[in-house]
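Work through the exercises below with the structure open beside you. Try each task before you read its solution.

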Amino acid sequence: MIPTLLGVSIIVFLMLQIVPGDPVNSLLPPDATEEDRQRIKQELGLDKSLIGQYFSWLGNTLQGDFGRSIIKRLEVTDLLFDALSNTFILAFGAAIFAFLLSLIIGVYSAYHPKSWIASLGNIIGLTGVSIPNFWAALILIGIFSVMLGWLPSTGMKGVGGGGIGDTVMHLIMPAIAVGMTTLGVMTRMIRSSVVDLLQKDFIITLQAKGASSFIILMHVLKNCTPTILTVAGLQVGYLIGGSVLVETVFSWPGVGQLIYQGISQRDFPIIQSGVLVISILFVIINLVVDILHAVVDPRIREA
Amino acid sequence: MITENTEHYSTTPTTILKRKVKKEESTSQKIIREFCKKRTAFVSLIILLIIFSSCLLAPVIAQYDPLEGDIKDRLLVVGSEGHILGTDEQGRDMLTRILYGGRLSLLAGIAPVLVAGLIGSFLGIVAGYFGGIINTIIMRTLDIFYAFPAILLAIGISAALGQGINNIIIAISIVFIPPVARIAESAVKGVREEEFIEAAKSSGANNFSIIRYHIIMNVFSRLFVYCTTQISISLVLASGLSFLGLGVSPPNPEWGIMLNNLKQQIFINPLLTIIPGLFIFITALAINLVSDGLRDALEIKE
């Protein structure tokens with residue numbers, strides 16, 4: 001995990017290096033002397049070698065210092081952590097929506113391949129992977145805010161503001177938009193793995209023994225958990241990544257919104273730190289998934 | 001007496017010849033026949049061809065200027081006279097802008113897959129064929145890219161490179177190289193131990209010609225189908241980056257940025273607002289269906 005995180009930090013650091021233009025020039029008035037240039041360079045640490053710059057940047061980052069936003073003149077760390085908690089709420093809501101619904105639809109359509117739910121599962125599996133989630137967000141706003149007036153399209157106040165009821169109302173549409181792709185991928189995957197399992201010998205033995213359908217379902221679920229976990233772990237990354245785009249549609253005050261503002265104002269420290277923090281979280285989440293794997297699957301534990 | 005039923009068992013040279021002639025069909029013909037049997041895949045292919053050709057022929061088909069609009073005619077509804085798909089927030093004809101914009105959107109969907117397909121296959125084939133330390137270096141380096149959620153890596157790179165469709169293409173290409181390389185590597189590993197490779201080696205073929213004549217031939221169809229599925233992802237990803245303002249600069253049309261410009265109008269003219277996204281969605285869906293059909297026709301298991 002440590003080599004991966006170091007690799008991530010190197011790539012994010014290199015991203016800053018390919019930004020066109022000299023950052024010193026943008027901070028200096030046109031009539032600045034060469035002395036001023038050197039002084040600013042020294043202040044920013046740009047007089048060191050590339051490797052030296054990397055290590056001082058890494059040192060600062062490890063201490064939680066992400067530098068200052070160029071435009072907002074604020075510590076990036078403060079901006080980032082407020083936004084991060086809001087993004088988490090969104091990704092969490094999307095995960096609940098996608099995981100639960102895909103489990104229900106996936107298992108049900110494996111049991112009843114001719115039912116209308118199975119056809120719905122087919123459609124979800126197909127559209128989910130093709131639909132741009134920021135477009136799905138706009139359609140949801142069009143239906144539930146503009147035409148029906150049931151749900152608010154913007155105005156999420158962030159953690160602590162507005163209370164739980166208000167947050168949930170704001171959460172419904174963004175969570176569906178973000179979770180849509182995951183829902184499609186997981187529904188397809190769960191259905192096919194349950195279909196495979198139902199043909200296994202041990203299930204037929206259970207049926208022959210006269211086990212109730214509930215007990216058989218429990219056996220099926222227990223056996224497809226490792227597969228579901230693997231895919232779900234990867235999907236968490238898509239959920240957080242997807243929220244970046246959807247947040248801009250709903251003015252959701254998360255990391256995505258921050259990155260979007262960073263892009264339009266060419267405020268690179270914000271973009272860079274946003275990408276770095278979310279990627280580190282993604283690595284940690286995948287580590288947790290690996291550990292969970294060993295917990296639920298004795299075959300992995302013993303290997 | 002020989003009846004028709006016993007014809008199977010007859011081994012006269014003429015019957016064998018007849019049977020062979022009947023079954024003679026090249027692989028590509030078989031693939032095309034299998035593909036056309038699947039109605040959804042075939043219809044999707046036709047829809048794709050229509051979208052592609054009308055975007056290519058945009059200057060011929062479109063009756064308006066994509067950049068100039070009449071401010072008096074802004075936000076006309078879908079189905080207005082003279083403007084089938086309405087007009088945007090500056091009174092420019094939507095159909096015209098969709099057609100012109102599609103050129104860039106489709107380019108940004110296809111080009112990264114081509115670039116990543118070439119570079120990724122090269123890296124994966126080299127890593128899989130030579131194995132050992134070369135494999136470790138290439139594959140472990142590429143593994144680092146899996147630590148990023150794809151969209152964030154693309155945003156980071158293309159934001160660093162600056163606004164522009166070219167930079168979006170570069171960013172998405174980088175995102176797609178690791179998965180292509182992984183598929184190529186595992187496919188090559190499967191082929192490497194086959195007896196015909198050993199035979200080629202013992203007959204004195206060098207690495208280059210083994211890779212060229214045996215390895216590539218055997219992994220190509222798998223890589224090709226994988227790459228076609230990536231086109232739809234690339235299209236959606238590229239339009240997402242463009243939606244964030246990383247693509248073309250206004251007033252140039254492109255599906256992603258058009259959607260962003262129109263998103264404020266959702267309360268005034270909802271139907272109009274969703275049109276650019278509808279084209280992204282239909283194109284991506286059609287590409288997915290075509291590649292599903294291709295996979296079935298080529299009999300490739302996931």
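## Exercise 1: The core

The largest nonpolar core has 148 residues, and A137(A), A154(B) and I155(B) have the most contacts inside it. This is a predicted model.

**Task.** Find which helix gives the largest share of this core, and list what A137(A) touches beyond four places in sequence.

**Solution.**
- Step 1. Look at helix α5 (residues 94-130) of chain B. This helix supplies the largest share of the core, 15 residues.
- Step 2. Go to A137(A). Skip residues up to four places away in sequence. A137(A) then touches M173(A), P174(A), A177(A), V246(A), V249(A) and F250(A).

## Exercise 2: Two chains

**Task.** Describe the helices, burial and contacts of chain A, then do so for chain B.

**Solution.**
- Step 1. Count the elements of chain A. There are 13 helices and zero strands. From the N terminus on, the pattern is α-α-α-α-α-α-α-α-α-α-α-α-α.
- Step 2. Check burial in chain A. Of its 303 residues, 37% count as buried.
- Step 3. Take the contacts in chain A between residues at least 6 apart in sequence. Of these, 70% join residues at least 24 apart.
- Step 4. Turn to chain B. It has 13 helices and zero strands. Its pattern along the sequence reads α-α-α-α-α-α-α-α-α-α-α-α-α.
- Step 5. Check burial in chain B. Of its 302 residues, 44% count as buried.
- Step 6. Take the contacts in chain B with a separation of 6 or more. Residues 24 or more positions apart account for 70% of them.

## Exercise 3: Where the chains touch

**Task.** How many residues of chain A are in contact with chain B, and which element gives the most to that side of chain A?

**Solution.**
- Step 1. Count both sides. 43 residues of chain A are in contact with 35 residues of chain B.
- Step 2. List the elements of chain A that give two or more residues to this side. They are α1 (2-17), α6 (116-130), α7 (133-147), α10, α11 (255-264) and α12 (268-296).
- Step 3. Pick the top contributor. α10(A) gives the most, with nine residues.
- Step 4. Sort the residues on the side of chain A by type. They divide into 31 nonpolar, twelve polar and no charged.

## Exercise 4: A helix pair across the chains

**Task.** Work out how helix α10 of chain A and helix α7 of chain B cross.

**Solution.**
- Step 1. Find helix α10 (residues 213-250) of chain A and helix α7 (residues 150-161) of chain B. Their axes come within 7 Å and cross at roughly 55°.
- Step 2. Classify the angle. An angle of 65 to 115 degrees would be roughly perpendicular, and one under 35 roughly parallel. The crossing fits neither, so α10(A) is oblique to α7(B).
- Step 3. Name the residues in contact. α10(A) brings G241(A), G242(A) and V244(A), while α7(B) brings A150(B), I151(B), L152(B) and I155(B).
- Step 4. Sort the residues of this contact. Five are nonpolar, two are polar and none is charged.

## Exercise 5: Helix α7 of chain B

**Task.** Compare the span of α7(B) with the expected one, and decide whether this helix is enclosed or open.

**Solution.**
- Step 1. Take the length. α7(B) has twelve residues.
- Step 2. Take the span. From first C-alpha to last, α7(B) reaches 17 Å, close to the 16 Å expected at 1.5 Å a residue.
- Step 3. Check burial. Eleven of the twelve residues are buried, so α7(B) is largely enclosed by the rest of the structure. Among them are L153(B), A154(B), G156(B) and S158(B).
- Step 4. Look just past the end. G162(B) follows α7(B), and its phi is positive, near 100°.

## Exercise 6: Buried or partly exposed?

**Task.** Classify A98(A), E34(B) and S251(A) by their C-beta neighbours.

**Solution.**
- Step 1. Recall the cut-off. A residue is buried if 20 or more other C-beta atoms lie within 10 Å, and exposed if 12 or fewer do.
- Step 2. Start with A98(A), in helix α5 (residues 76-111) of chain A. It has 27 C-beta neighbours inside 10 Å, so A98(A) counts as buried. Not counting residues up to four places away, A98(A) touches G179(A), T182(A), L183(A) and M186(A).
- Step 3. Go to E34(B), in helix α2 (residues 27-37) of chain B. With 16 other C-beta atoms within 10 Å, E34(B) is partly exposed. Beyond four places in sequence, E34(B) is in contact with D296(B) and A297(B).
- Step 4. Finish with S251(A), in the loop between α10 and α11 of chain A. It has 14 other C-beta atoms within 10 Å, so S251(A) is partly exposed. Its phi is near 50°, a positive value in a residue other than glycine.

Key
Residues numbered from 1 in each chain as written. Chains lettered and ligands numbered in written order. Predicted model: local features only at pLDDT ≥ 70, side-chain atom pairs only at ≥ 80, totals over all residues. Axes fitted to C-alpha atoms, helices over the stretch in contact; angles between N-to-C directions. Helix = DSSP H or I, 4+ residues; strand = E, 2+ residues; numbered from the N terminus. Parallel < 35°, antiparallel > 145°, perpendicular 65-115°, else oblique. Contact = placed C-beta atoms within 7 Å. Nonpolar A, V, L, I, M, F, W, Y, C, P; charged D, E, K, R; others polar. Expected span 1.5 Å × (residues − 1). Core = buried A, V, L, I, M, F, W, Y, C linked by C-beta atoms within 7 Å.
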